[in-house]
Amino acid sequence: MRALIFDLDGTLIDTVYAHVFSWQRAFEEAGMAIDGWRIHRRIGMSGGLFARAAARELGREITPDQALSLQRRHGELFAELAPVRRPLPGAVDLLRYLGDAGVAYGIATSGRRPEIDASLEALKVGPGVVVVERGIVERAKPAPDLFLACQQRMGVDAVDCYVVGDAVWDILAARRAGMLSVGLLSGGYGEDELSRDGAYRVYRDASELLIALDELGVLD
């Protein structure tokens, strides 16, 4: 059986747009007003890389200290905007089904603890599930480190893993890790974008993925 590695925001939890608004306000407070769509295109990157890339969109260069300050403010604003985390359709059922079926799965996210704890609780993720967050690895997406660390901790080979994500950064990182990827539309990217960047299959959300697991060879 293949194993699955899940992204978190936009894949299992409905937090993408809370992140967009939080980043937008953090940049505005720092005197760098930026359009929301420019932010959305980079959600899924590590916070530091995101801050630098978004600043470049504005023709600005920022220092590491400025990037860190933006990340911290984003985290504060995100906690205010999304105090309660809502699982995306089918996410809880999908994870429960995989656990009951004995299919290995883990979560690899560019988010950090304690920011992600409320999301994991909403998904009913137990202590036995491998969770790799940004603070564990040297580089986040689009580098492959998160997915490779998750695969190693699960004790499976990279070639036996599917990465399930909602953003092109998930797809790119999966390719660099030597893993097949599955795209979900629940984070706001289009099917053509995800397919063009290398997604093996694209589904609407976790609920549609749940009923299509046999297409991936995950179940007999």
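This briefing covers the overall fold, helix H7, Glu-133, the salt bridges and the cysteines of a predicted model. The protein chain contains 10 helices and six strands. Its radius of gyration is 17 Å, close to the 17 Å that the globule rule gives for 220 residues, so the chain is as compact as a globular protein of that length. Of the 220 residues, 54% are buried.

**Overall dimensions and contacts**

- The C-alpha trace of the protein chain spans about 55 × 35 × 30 Å along its principal axes.
- Taking contacts between residues at least 6 apart in sequence, 63% join residues at least 24 apart.
- Leu-68 and Leu-88 are 20 residues apart along the chain, and their C-alpha atoms are separated by 29 Å.
- Leu-68 belongs to helix H4, which covers residues 64-81, and is partly exposed with a relative accessible area of 36%.

**Helix H7 and its surroundings**

- Seven of the 10 residues of H7 are buried, so this helix is largely enclosed by the rest of the structure.
- The buried residues of H7 are Asp-145, Leu-146, Phe-147, Ala-149, Cys-150, Gln-151 and Met-154.
- Strand S1 (3-6), strand S2 (105-108), S3, strand S4 (161-165) and helix H8 (168-177) are included in what covers these buried residues of H7.
- Just after H7, Gly-155 has a positive phi of about 75°.

**Glu-133, a buried acid without a salt bridge**

- Glu-133 sits in the loop between strand S3 (130-132) and helix H7 (145-154).
- The residue is buried but has no salt bridge.
- Arg-113 carries the nearest side chain of opposite charge, 4.7 Å from Glu-133; a salt bridge requires a side-chain nitrogen of Lys or Arg within 4 Å of a carboxyl oxygen of Asp or Glu, so this pair does not count.
- A polar atom of the Glu-133 side chain lies 2.7 Å from the backbone nitrogen of Gly-135.
- Leaving aside residues up to four places away in sequence, Glu-133 touches Thr-109, Gly-111, Arg-112, Arg-113, Ile-116 and Leu-146.
- Among these neighbours, Leu-146 is one of the buried residues of H7.

**Salt bridges**

- The structure has 13 salt bridges.
- Glu-29 and Arg-25 form one of them, with an N to O distance of 3.1 Å.
- These two residues are four apart in helix H1 (residues 16-29), so about one helical turn separates them.
- Glu-29 is partly exposed at 44% relative accessibility, and Arg-25 is partly exposed with a relative accessible area of 41%.
- Glu-29 also forms a salt bridge with Arg-73, at 2.7 Å from N to O.
- This second pair links distant parts of the chain, with Arg-73 in helix H4 and Glu-29 in helix H1, 44 residues apart.
- Arg-73 counts as partly exposed, at 23% relative accessibility.
- Asp-170 and Lys-141 form another salt bridge, in which the closest N and O atoms are 2.6 Å apart.
- The Asp-170 and Lys-141 pair also links distant parts of the chain: Asp-170 is in helix H8 and Lys-141 is in the loop between S3 and H7, 29 residues apart.
- Asp-170 is buried, with a relative accessible area of 1%, and Lys-141 is buried with a relative accessible area of 1%.
- Through salt bridges that share partners, Arg-25, Glu-29, Arg-73 and Glu-76 are joined into one network.

**Cysteines**

- A search of the whole structure finds zero disulfides.
- Cys-150 is in no disulfide, and the nearest cysteine sulfur, that of Cys-161, is 7.5 Å away.
- For Cys-161, also in no disulfide, the nearest cysteine sulfur is that of Cys-150.
- The separation of 7.5 Å does not meet the cut-off, because a disulfide needs the two cysteine sulfur atoms within 2.5 Å.
- Cys-150 is buried, with a relative accessible area of 0%, and is among the buried residues of H7.
- Cys-161 is buried, with a relative accessible area of 1%.

Note on methods
Residues are numbered from 1 along each chain as its sequence is written. This is a predicted model: local features need pLDDT of at least 70, side-chain atom pairs count only at pLDDT 80 or more; totals for chains, interfaces and linings use all residues. Side-chain values use heavy atoms; hydrogens and water are left out. Buried means under 20% relative accessible area, exposed over 50%, partly exposed in between (1.4 Å probe, protein chains only). Lys and Arg count as positive and Asp and Glu as negative; His and the chain ends are not counted. A polar contact is a pair of N or O atoms within 3.5 Å; within protein, one must be able to donate a hydrogen and the other to accept it, and residues adjacent in sequence count only if both atoms are side-chain atoms. Contact means heavy atoms within 4.5 Å. The radius of gyration is taken over C-alpha atoms; the globule rule is 2.2 Å times the number of residues to the power 0.38.
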